[in-house]
4 protein chains.
Amino acid sequence: MAAKARIGILGASGYTGSELVRLLLAHPRVEIALLTADRKAGQEMRDVYPQFAPYALPKLVAIDGIDWAGLKLDLVFCALPHGTTQTVIKHLLANAPETKVVDLSADFRLTEPAAYARWYGHAHQAVELQQEAVYGLVEVYRREIKKARLVANPGCYTTCAQLPLVPLLKAKAIEPDEIVIDAKSGMTGAGRAAKENMLFSEVSEGFHAYGVGHHRHMAELDQEFSKAAGRDVLVSFTPHLLPMNRGILSTIYVRGRRGRTAEDLHVLLEKAYAKEPFVHVLPFGQTPQTRHVRGSNMTFIGLAKDRVPGRAIIVSALDNLVKGASGQAVQNMNLLLGYAETMGLEQVALFP
Amino acid sequence: MAAKARIGILGASGYTGSELVRLLLAHPRVEIALLTADRKAGQEMRDVYPQFAPYALPKLVAIDGIDWAGLKLDLVFCALPHGTTQTVIKHLLANAPETKVVDLSADFRLTEPAAYARWYGHAHQAVELQQEAVYGLVEVYRREIKKARLVANPGCYTTCAQLPLVPLLKAKAIEPDEIVIDAKSGMTGAGRAAKENMLFSEVSEGFHAYGVGHHRHMAELDQEFSKAAGRDVLVSFTPHLLPMNRGILSTIYVRGRRGRTAEDLHVLLEKAYAKEPFVHVLPFGQTPQTRHVRGSNMTFIGLAKDRVPGRAIIVSALDNLVKGASGQAVQNMNLLLGYAETMGLEQVALFP
Amino acid sequence: MAAKARIGILGASGYTGSELVRLLLAHPRVEIALLTADRKAGQEMRDVYPQFAPYALPKLVAIDGIDWAGLKLDLVFCALPHGTTQTVIKHLLANAPETKVVDLSADFRLTEPAAYARWYGHAHQAVELQQEAVYGLVEVYRREIKKARLVANPGCYTTCAQLPLVPLLKAKAIEPDEIVIDAKSGMTGAGRAAKENMLFSEVSEGFHAYGVGHHRHMAELDQEFSKAAGRDVLVSFTPHLLPMNRGILSTIYVRGRRGRTAEDLHVLLEKAYAKEPFVHVLPFGQTPQTRHVRGSNMTFIGLAKDRVPGRAIIVSALDNLVKGASGQAVQNMNLLLGYAETMGLEQVALFP
Amino acid sequence: MAAKARIGILGASGYTGSELVRLLLAHPRVEIALLTADRKAGQEMRDVYPQFAPYALPKLVAIDGIDWAGLKLDLVFCALPHGTTQTVIKHLLANAPETKVVDLSADFRLTEPAAYARWYGHAHQAVELQQEAVYGLVEVYRREIKKARLVANPGCYTTCAQLPLVPLLKAKAIEPDEIVIDAKSGMTGAGRAAKENMLFSEVSEGFHAYGVGHHRHMAELDQEFSKAAGRDVLVSFTPHLLPMNRGILSTIYVRGRRGRTAEDLHVLLEKAYAKEPFVHVLPFGQTPQTRHVRGSNMTFIGLAKDRVPGRAIIVSALDNLVKGASGQAVQNMNLLLGYAETMGLEQVALFP
């Protein structure tokens with residue numbers, strides 16, 4: 001039997017952390033060697049997530065005392081809040097420079113120090129690593145990821161918007177100034193922090209937009225869309241919260257350029273993703289549902305003709321905790337460790 | 001005590017029918033004298049909706065044998081499927097021409113026979129009544145409704161989109177060719193028909209768009225928006241289904257005309273609705289949640305600046321069964337019968 | 001127009017507080033003169049509960065500086081956490097002894113100081129008031145309540161269990177030592193405190209029991225069941241949390257005494273509640289659903305024969321925030337102020 | 001690579017059918033060779049369940065024309081409605097006697113022809129096979145299953161009740177005449193038939209009991225409990241429907257015999273399941289939640305002391321579509337085909 005890579009998960013008590021555990025327990029070539037959770041240090045993972053009670057897992061520890069060099073981890077997933085992340089990873093890589101890192105926070109997604117400072121209100125604390133980091137949208141940066149040490153795993157909203165739009169912008173097939181992205185996310189995207197507005201009784205049987213006009217995820221979209229289009233792109237983007245746990249669905253309104261019809265755009269998407277294991281383009285006119293990707297690493301994309309001449313409506317759907325976070329992180333891990341890209345990610349969606 | 005008007009409800013076993021019963025049981029000036037439900041004729045209302053068990057209500061009867069003249073109803077709510085509605089109302093008014101009618105179907109919403117034929121695929125069966133009918137969006141047509149005999153109660157999606165957009169289009173304050181309406185509805189909007197895709201297990205924990213590019217509600221929007229703007233208006237409109245029962249939220253993307261800023265648009269909406277009892281405009285930058293209008297006849301409207309220069313994002317929310325259907329129908333009834341417009345509609349939203 | 005009573009609500013930012021506001025806004029004979037919320041003092045009610053934005057309400061204030069004598073309130077609802085409640089009410093009644101109080105906490109439900117100390121781990125801080133307080137289960141103590149100054153509003157679980165069981169125990173019709181109460185509650189019963197285990201993502205799509213074998217509500221059941229039976233009664237009681245907001249359903253397993261059949265027990269319940277406006281006994285063999293009492297002050301009770309000889313299964317359902325808390329509190333208020341008992345409580349259940 | 005067994009699934013368009021497909025797609029030693037769905041014959045599985053769009057699967061066919069002998073299936077899962085099942089399997093085994101069958105219907109669970117006739121109202125149509133069939137509760141009948149040809153997969157409610165109770169009854173540790181089982185199931189347990197009372201709007205935000213006093217699953221419980229206890233056992237059993245998709249939780253009230261304490265009962269359960277891969281007994285006093293077994297083949301069992309002397313409360317939880325149906329069916333398949341019992345069933349629960 002092939003050797004197993006030794007893996008650490010920083011921030012194992014959050015939802016992306018527990019999702020990493022779920023996926024890695026089914027991965028044949030890894031061994032979970034470290035789980036951290038500062039506020040829950042000393043507890044067993046089963047105390048924090050009872051679903052893991054039947055499995056043997058390391059006890060949760062605090063980050064502070066960790067001997068990074070001694071642990072000899074092959075790869076670390078970092079699922080910590082943004083801000084603290086950059087300091088932790090800087091320290092980790094200073095002490096264990098051979099360790100590979102997949103970071104699920106926003107800390108290394110923006111490549112420009114100035115853009116980071118503008119959106120986050122302070123200078124980046126690890127600018128050299130910021131320069132080194134590779135943006136981990138596998139379908140776009142697969143080649144660069146394979147050679148990387150530090151991968152910045154994309155956000156959930158932005159993955160769902162980029163997968164349909166990047167190929168169209170690269171092909172200059174849509175008008176970059178008329179893109180509207182209306183995005184809806186399940187509640188797990190908001191994390192596990194105990195806040196009044198996230199209580200069941202506040203959330204169930206209701207729906208609302210938030211951050212209207214000024215959501216931070218736009219920084220990442222601006223960067224990647226501008227890169228794809230070869231010019232500045234500024235999109236309208238509105239996030240909403242759904243009374244359900246998992247799933248993001250983005251409804252995207254675009255106008256074809258130079259006579260491109262909706263059918264033309266669909267052909268472009270089909271070609272772009274013909275060989276991708278985790279992106280499935282539906283037949284023309286069909287649109288996807290979040291429930292059919294729940295728990296899987298799959299993204300479903302549909303495109304239909306708008307009745308407004310020249311316009312098309314794209315709908316993309318993924319599970320925000322899998323392809324939108326931990327599944328994509330494992331996909332990145334597979335590339336970094338030289339494994340088959342789909343290893344451990346074959347689970348079919350759980351529906352109903 | 002003032003005399004009570006005698007009311008009939010056709011199609012009492014559907015959700016808009018039961019919602020009418022709920023509202024009318026709390027209305028001090030009406031008496032429910034007739035309830036029809038063809039497939040459930042002979043049953044008690046409590047068999048079909050157990051919440052009415054403690055109340056005295058007429059037994060459900062079939063429409064066919066009704067003696068319209070003899071019943072001497074003051075007003076009839078018609079909550080039947082579109083298509084059959086026009087024949088039923090034609091017959092009713094032929095036999096009881098003094099009776100007032102509020103129709104909740106789509107049958108009398110389009111004023112042009114040609115538009116009706118194009119969208120529904122057949123000629124209208126009661127063209128004279130189609131001409132007579134008044135479109136029942138109270139905030140726009142209050143004066144006409146007061147004098148009407150037959151009112152076409154607006155659709156739920158269209159009420160939610162028209163309330164914020166009609167004043168802006170009338171004021172020529174927004175660009176009519178760049179309107180995108182992304183609408184999300186609770187499941188009660190889909191009715192009570194037993195269909196596989198409406199089962200709990202199919203719907204819960206998921207979200208999807210439907211009718212992408214070609215939803216019938218657009219006919220009503222085209223008509224009313226074009227009338228308001230004084231020119232043809234064609235909007236992008238995508239409906240979605242939420243895993244919850246009640247509530248519609250529309251996220252609407254607009255561009256100001258002739259230098260109108262988001263703040264200008266907000267002032268216009270505030271002025272338009274300053275005295276309306278059932279439309280509440282939130283402070284600039286705040287946006288509403290469906291849960292805060294659940295069970296009430298209220299519409300909440302918010303408007304925020306988009307980061308894309310010159311653009312604004314409007315969010316409107318209402319309960320599809322109340323202001324989007326039966327509540328607005330009672331509001332119309334109050335106008336038709338000369339009652340205070342808010343009578344029986346004072347219930348505060350049920351949250352949580 | 002008759003004068004309106006001046007009402008105060010202590011703890012208006014919790015769910016029972018907001019539910020009192022919802023009900024009182026529709027009550028023709030009261031005026032909300034005081035709203036307190038210590039942590040949210042200074043805010044408008046609309047900031048805490050946006051559904052109240054269209055209504056004029058007093059600003060939220062802290063309890064500490066209140067001039068109870070000067071306010072001249074006719075009645076105060078106290079919706080504070082247990083423990084602090086007894087001190088607040090003692091102070092209030094010392095300064096405004098004419099004011100009537102309906103307390104929604106558990107502080108005055110136990111009549112025995114010793115029982116209170118045993119269940120709550122400390123001596124009661126207002127023993128005289130504890131003696132004075134009347135237990136506010138209207139259907140059982142209506143006469144006493146009318147003459148009271150301080151009413152201890154019953155708990156939601158206990159109301160749902162007492163309404164079907166008290167008449168049967170009083171009639172000595174069931175075996176007191178073989179009662180099993182399996183109770184399920186919607187999440188609003190757990191309040192609005194921001195706790196991790198009450199987050200939407202933790203609660204949705206799941207179900208569990210809690211406090212198995214040792215829930216505090218049992219104290220109240222012990223007291224009232226023993227009083228009804230004329231001997232000590234100790235029941236098995238297990239509460240569970242449902243992934244929904246409102247509603248308690250109790251499934252109760254009993255054995256008839258001295259040959260009483262299930263049919264006999266049903267007749268007893270029908271007789272006990274024949275004239276009660278807020279308790280509806282279903283036909284023999286039918287059992288209720290929580291959705292059909294949502295938002296209303298109604299309790300539905302059903303009783304069916306068990307296949308185990310001599311046993312019956314009772315199912316009772318109510319809305320925990322209405323008949324289980326604020327609706328019953330308003331019902332008590334009506335008695336205390338000499339109003340019709342059903343005033344302001346006529347709302348029909350909101351279904352679907 | 002080892003050869004793959006050829007598998008057929010009859011009734012693939014229902015929820016247990018699609019769940020079998022989900023599990024078998026992740027099983028390394030099987031190949032799905034046949035999918036039937038009479039009303040959807042001719043469609044692709046992706047049309048019926050879009051989550052399977054990325055996978056190659058045989059087209060759905062009708063049962064009638066199948067050449068059982070020619071297909072050379074190693075094993076068939078039968079997920080058809082009860083009643084028709086017995087005829088289909090009789091025909092299948094007559095033509096392909098070497099094929100093994102795991103039947104998920106109720107048709108072969110009762111071993112007594114008389115019991116079958118009494119509960120189902122007609123004589124069994126395949127009495128010989130009824131005699132041959134082995135009851136497929138693996139933890140109890142593992143040895144018999146390994147040698148069987150036809151396995152009757154247990155029901156979901158009954159699996160959830162038997163796993164905790166059978167060891168206690170066998171040990172004569174609890175009083176057989178005082179067992180109360182209060183069971184709650186997610187909606188997928190009710191299947192995919194389009195019925196009004198299963199619509200989302202009817203089910204969400206509500207809870208109810210059904211079949212009170214006379215549910216058919218009791219036949220299976222009577223048979224197995226009586227066998228375990230060595231005498232007739234008749235339990236009180238009430239099923240309820242939860243507003244969620246997956247999960248059964250049974251709250252079970254028992255009394256220890258001959259001085260057995262709750263702690264004694266817990267020790268018995270721990271011993272019984274110490275080596276079982278799919279049954280996990282929680283520490284004494286802890287009780288499980290359905291969400292922590294969702295999507296997995298795991299059963300969690302907890303036991304706590306009741307405050308009523310001599311009594312204990314047991315709570316067991318499983319996913320009705322996995323351990324309660326298709327997962328247990330795959331577990332049976334593994335035994336029948338000589339594979340490792342856990343093969344393909346290692347998925348960790350999906351939470352949140």
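Two residues count as being in contact here when they have heavy atoms within 4.5 Å. On that footing, and bearing in mind that this is a predicted model, the contact between chain C and chain A draws 19 residues from chain C and 19 residues from chain A.

The two chains can be laid on top of each other with little fuss: a rotation of 180°, with 0.0 Å of shift along its axis, superposes chain C on chain A at an RMSD of 0.0 Å. The pair is thus related as by a two-fold rotation axis. The same surface does the job on both sides, since 100% of the contact residues of chain C turn up again in chain A.

As for how much surface is involved, the size of an interface is often quoted as the accessible area lost when the parts come together. Between chain C and chain A that buried area comes to about 1,700 Å², with carbon and sulfur atoms giving 51% of it. On the charged side, six salt bridges are counted between chain C and chain A. One of them links the side chains of Glu196(A) and Lys40(C), at 2.8 Å from N to O. The tally of residue pairs in polar contact between these chains is 14, with both residues at pLDDT 80 or more. On the side of chain C that touches chain A, helix 9 (residues 200-203) of chain C gives the most, with four residues.

Over in chain B, strand 14 (residues 311-318) is worth a look. It is mostly covered, with eight of its eight residues buried. In a regular strand the side chains alternate between the two faces of the sheet. Strand 14 of chain B sends Arg311(B), Ile313(B), Val315(B) and Ala317(B) one way, while Ala312(B), Ile314(B), Ser316(B) and Leu318(B) point the other way, and all are buried. Buried here means under 20% relative accessible area, so the label applies to both sets.

Strand 14 of chain B also has partners. Strand 11 (residues 248-255) of chain B runs antiparallel to it and is joined to it by eight bridges; within this pairing, Arg255(B) has Arg311(B) as its bridge partner. Strand 13 (residues 299-305) of chain B is likewise antiparallel to strand 14 of chain B, with seven bridges joining the two. Here Leu303(B) stands opposite Ile314(B). Strands 13 and 14 of chain B form a hairpin with five residues between the strands, and in that hairpin Gly310(B) adopts a positive phi near 85°.

Note on methods:
Residues are numbered from 1 along each chain as its sequence is written. Chains are lettered from A and ligands numbered from 1 in the order in which they are written. This is a predicted model: local features need pLDDT of at least 70, side-chain atom pairs count only at pLDDT 80 or more; totals for chains, interfaces and linings use all residues. Side-chain values use heavy atoms; hydrogens and water are left out. Copies are superposed by least squares on the C-alpha atoms of residues with pLDDT of at least 70 in both. Buried means under 20% relative accessible area, exposed over 50%, partly exposed in between (1.4 Å probe, protein chains only). Two strands pair if DSSP finds at least two bridges between them. Buried area is the accessible area (1.4 Å probe) that two parts lose on being put together, summed over both. A salt bridge is a side-chain nitrogen of Lys or Arg within 4 Å of a carboxyl oxygen of Asp or Glu. A polar contact is a pair of N or O atoms within 3.5 Å; within protein, one must be able to donate a hydrogen and the other to accept it, and residues adjacent in sequence count only if both atoms are side-chain atoms.
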